[in-house]
Amino acid sequence: MKLGFATYKDKVMGCWAGKNIGGVLGAPFEGKRQVNDISFYTQDLSMGPPPNDDLDLQIIWLAAVERYGRNVNASVLGEYWLSYCIPNWVEYGTGKANLRAGLQPPLSGLIDNTYKDSCGCYIRSEIWACLAPGNPDLAARYAYEDAIVDHEGEGMYGEIFFAALQSAAFVESDKRTLIDIALSYIPEESATAKAILKALECYDKHTDFREARIQIHNTAPGTFGIQSGTLSEIPVEGNEGMETGAPGFDAPENVAFTIAGWLYGGEDFGRSLCMAVACGEDTDCTCATLGAVLGIIAGASGLPEEWTAPLDDKIATLCIDKTSGGIWVPSTVTELTERVMKAAPGFLGQDICDIFAEGGMTIECKEGKALYCSRTTDYLPKINGNGKDEALPIRELCSLSPYVVRYSFPAFNLMVDYENSVFFKAGEERKVKVTVTNSHTMRQQQWARITVYMPSGVELKNGRAFTLPLNNLYGSKAEAEIVFNADMFDGGRLEFIIEVSLEGRHSSGAVKVTLMREA
């Protein structure tokens with residue numbers, strides 16, 4: 001189906017307006033483990049809305065898309081994160097520290113990151129949904145690239161879930177269908193999926209809302225509501241029976257609280273947002289995300305004026321470094337909407353977006369079963385690969401080991417598997433696996449040459465070069481394991497180069513592997 005220009009604009013504007021409303025509504029109750037009984041804004045908004053990071057961090061990603069279009073990836077986003085993201089809060093600071101140490105995503109979101117499963121990336125899903133409306137697979141694929149900069153695991157699943165749901169919401173409005181579509185993009189065994197299913201179960205069983213809150217929490221216990229005080233300061237009333245989870249394990253229950261607010265709020269915009277806030281914990285995130293979902297479905301034209309009028313279209317930012325140049329920060333929802341719409345054609349490409357359509361730009365959207373996540377089992381392995389998409393389906397992509405770093409070159413793709421560690425130790429043999437696959441657009445029968453360049457003091461145990469066949473059949477790949485010993489290497493940081501080229505082609509690609517000495 002085709003999404004027309006006017007409808008697209010209305011829904012993008014509704015997304016950002018709803019996001020803004022929810023962030024403002026939930027902000028005063030953020031980080032508190034309590035049941036919040038509210039029915040409207042509680043702040044003085046006479047001077048405009050207060051800043052909220054749930055919306056403004058996505059402006060950094062938009063700036064990257066405006067420059068790189070559909071070529072934006074985790075590495076590009078990491079550079080923008082380092083340059084323009086001010087906060088060093090928990091996972092944000094750890095992600096930036098890892099990037100500065102030379103650890104590529106997804107390693108940057110994994111290593112020493114206690115808050116990798118927290119809420120800091122699922123609040124960034126809307127930009128990908130608005131840039132890929134009605135194309136949840138595409139939105140979720142870029143949400144993955146976004147998430148692995150500073151998160152991993154459950155934190156990543158939360159963003160993929162909402163990016164898919166919000167993208168599908170441009171063409172589908174039934175909440176149960178949207179939740180089902182989004183669940184198809186994340187692992188069934190994830191805590192995020194289990195918490196969402198618990199919210200659905202509680203609603204279907206007519207469980208009292210306060211009891212549902214406790215059941216959802218205990219399905220995947222988080223700690224966001226207790227991180228700003230001592231354990232003895234947690235209110236007893238309303239929190240009876242709530243378990244204490246691991247530090248930073250926050251995304252699953254907060255994603256599910258967002259869904260619970262949507263379900264228990266019925267079809268009432270304001271009541272739904274207030275029900276999300278009532279759950280406590282990361283209230284500005286839950287409420288802002290739900291506001292965006294409802295805003296996409298209703299469009300800006302369908303949002304209640306009582307909620308939009310106090311904010312007067314204004315956006316206030318908090319987390320963007322404006323001193324270095326390079327990012328133009330919009331001051332209104334209208335400006336942000338217009339910028340997203342200008343970036344969409346280059347991001348989507350001419351196969352999806354027709355800028356010359358009669359009556360204005362149209363976007364080709366998926367519908368029905370095509371909105372659900374695909375699977376590698378859709379094709380027989382080693383069958384003729386022509387005309388088949390070799391990209392890993394999102395559910396399988398986000399199930400890859402977080403120690404696998406991916407690179408893309410014109411004629412081939414490359415994965416480097418650190419094999420469960422970024423450390424090396426004297427006296428121990430170390431292995432790194434290299435996998436080369438054909439690119440999706442230039443897939444031919446090839447021979448791949450893999451060459452390793454090690455620093456002095458490192459002994460390669462099985463050779464420094466490999467030449468391997470690389471067919472174009474579905475699922476074909478060329479793999480080599482690099483085995484080495486660093487006994488004579490005396491540095492604390494080991495860096496080496498892996499170069500890949502295809503026989504008979506002029507282009508090649510080189511990547512750097514970084515390992516740290518284990519104490």
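A residue is taken as buried when its relative accessible area is under 20%, and in this predicted model Asp53 falls below that cut-off, with a relative accessible area of 11%, and is therefore buried. Asp53 is found in helix α2, and, apart from neighbours within four places in sequence, it is in contact with Trp89, Tyr92, Ile123, Asp284 and Cys319. One of these partners, Asp284, lies in helix α14, which comprises residues 283-298. Asp284 is likewise buried, because its relative accessible area of 1% is under the 20% limit. When neighbours within four places in sequence are set aside, the contacts of Asp284 are Gly22, Gly23, Gly26, Ala27, Glu30, Asn52, Asp53 and Asp54.

Asp53 and Asp284 also appear together in a database record, since the UniProt annotation "binding site", taken from an unreviewed entry, covers Asp53, Asp54, Asp282 and Asp284. Although these four positions span 232 residues in sequence, no two of their C-alpha atoms are more than 12.5 Å apart, so that they gather at one spot.

Among the contacts of Asp284 are Gly22 and Gly26, and both of these glycines also take part in the packing of helix α1 against helix α13, in which Ile21, Gly22, Leu25 and Gly26 of α1 meet Phe269, Leu273, Cys274 and Val277 of α13. By class, this contact of α1 with α13 is made up of six nonpolar and two polar residues, with no charged residues. Helix α1 (residues 5-26) and helix α13 (residues 269-278) pack at an angle of about 45 degrees, their axes being 10 Å apart. The two helices are therefore oblique to each other, and their crossing is right-handed.

A second helix pair is formed by α10 (residues 191-204) and α12 (residues 251-264), which pack at an angle of about 25 degrees with their axes 8 Å apart. Because angles under 35 degrees count as roughly parallel, α10 is described as roughly parallel to α12. The crossing of α10 and α12 is right-handed. On the α10 side, the residues in contact are Ala191, Thr192, Ala195, Ile196, Ala199, Leu200, Cys202 and Tyr203, and these meet Pro252, Val255, Ala256, Ile259, Ala260, Leu263 and Tyr264 of α12. The residues of this contact divide into 14 nonpolar and one polar, with no charged residue among them.

Helix α4 (residues 90-100) is mostly covered, eight of its 11 residues being buried. The buried residues are Glu91, Tyr92, Gly93, Thr94, Gly95, Lys96, Asn98 and Leu99, and the list thus includes Tyr92, which is also one of the contacts of Asp53. The elements that cover the buried residues of α4 include α2 (53-68), α3 (74-84) and α5 (107-110). Helix α4 is followed by Gly102, whose phi is positive, near 95 degrees.

Burial is also found in a loop, as Asn472, placed between β10 (465-470) and β11 (478-485), has a relative accessible area of 7% and is therefore buried. With neighbours within four places in sequence left aside, Asn472 is in contact with Gly385, Asn386, Asn438, Arg443, Gln444 and Gln445.

Methods. Residues numbered from 1 in each chain as written. Predicted model: local features only at pLDDT ≥ 70, side-chain atom pairs only at ≥ 80, totals over all residues. Heavy atoms only, no water. Helix = DSSP H or I, 4+ residues; strand = E, 2+ residues; numbered from the N terminus. Buried < 20%, exposed > 50% of the residue type's maximum accessible area, 1.4 Å probe, protein only. Contact = heavy atoms within 4.5 Å. Axes fitted to C-alpha atoms, helices over the stretch in contact; angles between N-to-C directions. Parallel < 35°, antiparallel > 145°, perpendicular 65-115°, else oblique. Left-handed = near helix turned anticlockwise from the far one by under 90°. Nonpolar A, V, L, I, M, F, W, Y, C, P; charged D, E, K, R; others polar. UniProt positions renumbered as here; feature names shortened; annotations may be inferred.
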